[in-house]
Amino acid sequence: MTMCVRRVCLAGLALASVMPAAGADLSPIQSGLDYHSFANVDQFRATHLELDLRVDLDDKNISGTVFLDLKRLDPRATQLILDTKNLMIYGVSQKATDVLGATAKSQTVWVSRPFHLDKPDPILGSALVIDLPPTRKTVESIRIDYETVAPANDAAGGGALQWLGAKQTAGRHRPFMYSQSEPIGARTWIPLQDTPQVRVTYKALIRTPSDVMAVMSAENDPKAKRNGEYSFSMPQAIPSYLIALAVGDLQFKETGPRTGVYAEKSLVKAAAKEFADTESMIAVSEKLFGPYRWTRYDILVLPPSFPEGGMENPRLSFVTPTLIAGDKSLVSVIAHELAHSWSGNLVNNATWRDLWLNEGFTDYLESRIMTAVYGSERASMEAVLGLQALRAELAKLDPRDQVLAIDLRDRDPSLVFSSVPYEKGRLFLSYLEAKFGRDRFDAFLRGYFDHFAFQSITTEQFNQYLGEHLLDQFPGIVSSAQVLAWENAPGIPADAVVPVSSAFQPVDDARTAWLAGKLQPKQFGLDWVTQQWLYFLNNMPTTLSAEQLARLDQAYDFTKSQNAEIEHSWLKLVIANNYQPSYARLEEYLKIIGRRKLITPLYADLMKTPSGSVFAKRVYAKARPGYHPETATAIDAIVNPVAAEDIE
Ligand code: BES
Ligand code: ZN
């Protein structure tokens, strides 16, 4: 595979899936340098973009124009380099100075400019190189006419967009499309500087068939007339990975004065009920972290193939329908995506190495919101489950990938993500909170969000701020060496403050008694909440008999559970013990759900045995066309590693 970083390409024998984790490149990593973008951000910086796009749901493509406003930082620069992947570029032009003179009626003249696309890198795509004459002008306006050409759902090379046929939607009568741009997918539908360290405001005109509705991570008008033309404006500057679009047969239901849900008709009522506490979550967040600066907070419920639990697209979080359990038991994902309105959307990672600044902070904020709205017992249970997931993952991860500030050079950031930036990040912030005390830490957090509002920062910038505003303010509590160990050493530091939950004690007791034959199903668990069931299932011994599983299933109906997380934990046990009666459900689950966190571990477990891998391959062949390209790329590497390498 050929690896290119900053347009320097090295042909090598290494394949992504077998490469030694990080550190293949032994040169010291440069803080703040985005190894996953070709953009020459030291010479030009985009400030605003305007999209005029047609979404063709039948041909499964987007075509149109992007107008980019850029600050020119270097008068001598002769080239503007943008990121693209699987785009056809029809023309590039530059806005000329008003040829009619300043007094004439403003008339825009576009002068076409020479451009070329560099040879594509399998992960990063193709640099779009545009020749521009050097000038002392400090602003540039560029117009690019283009079209997406990624073959629908082809996993080779991934892509942000998923195009769903009508049959893959809940209503089954209109097609659907949506984007998932984080981390480096925006370049697959917009040519731009696709790096989290550049923030832009944007406007968009989206043209669709007239019987569907378009929504974006921007100001959305719930009452917009369905006429096939939708206008959007995002007045706050955001990084490219937060530009998002979805088109489908959507309905809207209000849940509060500044909150609501968009979903297909058959889901909108249940979604509004499930997410009814969103306003309370915003209210407690504002008390803790400062004002909510994005005006509205709406939630878009996507079809079940959506690859994430949730995605924090500003003003409009995108979420999986698997959150709708009927009892609000999985709404911590909403708390999480909302928390990103501070940690992430307001202050975000400058490069993907710094992702923990988004996700670790957000997991910590999520816990604080869950505690305030649902009580500390619920939040502690969720934190313990998170810690258990982290420990299980650390046991398998290369030590170099166990660090918060991770070296992702030469790797696809969307394939490397683990619970480390999330759970270890949360532990780090909980540690700081415990050491300095909640009041001091809360004041620090508010100051941090204010200080860096609407900026992208590196781990090192965070460290500097932390040093000045916490460590040095209250000396002798935490040293900078300890901070660096959290960020750069593998594993969990010995003095971590780990969460505990007394609500799990009865669960441990019941499990032990049941395994010893001293307790029968139905004699326990009747008042357990979802998190207790997850803990019960996740901590079973590796081997159970078919009879034991049958008894449990008979009593608690796990195979028919409507809770996607409980079902996931049950199916892990099913696979570990080759419990055939639940395999039909397993197949159905893998075919309907595309959320990576829920299905990747199931495929990985299946692949551990010969019969499991036959099953996995058979089911995957049927399920793959329904997955988002990023999910397919991830599962290809598990189920079909050799074929996945061949594609590259
Ligand atoms: N921003 C992430 C999703 C993401 C991260 C996509 C990195 C691509 C690259 C989102 O906020 C997230 O963390 N989602 C989690 C939610 C969970 C931790 C509560 C998910 O989807 O499972
Ligand atoms: Zn997140």
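## Working through the domain 2 and domain 3 interface, a zinc site and some backbone oddities

Across the interface of domain 2 and domain 3 in this predicted model, the salt-bridge rule comes up with zero hits. Let's see what is there instead.

**Exercise 1. Work out which domains the chain is assigned, and how far apart the centres of domain 2 and domain 3 lie.**

Start with the assignment: domain 1 takes 37-194 + 198-244, domain 2 takes 346-488 and domain 3 takes 502-647. Next, go to the C-alpha centres of domain 2 and domain 3, and you get a separation of 29 Å.

**Exercise 2. Describe what holds the record of contact between domain 2 and domain 3: residues, area and polar pairs.**

Step one is to count residues: nine from domain 2 are in contact with 14 from domain 3. Step two is the area, where about 900 Å² is buried between the two domains, with carbon and sulfur atoms giving 65% of that. Step three is polar contact: the rule picks up four residue pairs across this interface, both partners at pLDDT 80 or more.

**Exercise 3. Find which elements of domain 2 supply the side that touches domain 3, and sort its residues by class.**

Two or more residues each come from α5 (376-394) and α6 (413-416). Of the elements on this side, α5 gives the most, with seven residues. Sorted by class, the side of domain 2 that touches domain 3 has four nonpolar, two polar and three charged residues.

**Exercise 4. Name the protein donors of the zinc ion (ligand 2) and place them along the chain.**

First, pick out the donor atoms: His336 (NE2), His340 (NE2) and Glu359 (OE), at 1.9 to 2.1 Å from the zinc ion. Then read off their spacing, which is H-x3-H-x18-E. Finally, look at where two of the donors sit: histidine 340 is in the loop between α3 (332-339) and β22 (347-349), while glutamate 359 belongs to helix α4 (residues 355-374). These two are 19 residues apart, and the pair links distant parts of the chain.

**Exercise 5. Locate the cis peptide bond, then the positive phi angles at threonine 295 and lysine 522.**

Take the cis bond to begin with: it runs from glutamate 182 to proline 183, with omega near 0°. Proline 183 sits in the loop between β12 (176-179) and β13 (199-207).

Now for phi. Threonine 295 isn't a glycine, yet its phi is positive, at about 65°. You'll find threonine 295 in the loop between α2 (278-289) and β19 (297-301). Lysine 522, also not a glycine, has a positive phi of about 80°. Its place is the loop between α11 (505-515) and α12 (530-538).

Key
Residues are numbered from 1 along each chain as its sequence is written. Chains are lettered from A and ligands numbered from 1 in the order in which they are written. This is a predicted model: local features need pLDDT of at least 70, side-chain atom pairs count only at pLDDT 80 or more; totals for chains, interfaces and linings use all residues. Side-chain values use heavy atoms; hydrogens and water are left out. Domain bounds come from an automatic or database domain assignment. Contact means heavy atoms within 4.5 Å. Buried area is the accessible area (1.4 Å probe) that two parts lose on being put together, summed over both. A salt bridge is a side-chain nitrogen of Lys or Arg within 4 Å of a carboxyl oxygen of Asp or Glu. A polar contact is a pair of N or O atoms within 3.5 Å; within protein, one must be able to donate a hydrogen and the other to accept it, and residues adjacent in sequence count only if both atoms are side-chain atoms. Helices (H or I, at least four residues) and strands (E, at least two) are DSSP runs, numbered from the N terminus. Ala, Val, Leu, Ile, Met, Phe, Trp, Tyr, Cys and Pro count as nonpolar, Asp, Glu, Lys and Arg as charged, and the others, Gly among them, as polar. Donors are N, O and S atoms within 2.8 Å of the metal (3.2 Å for Na, K and Ca); water is not among the atoms, so sites may look incomplete.
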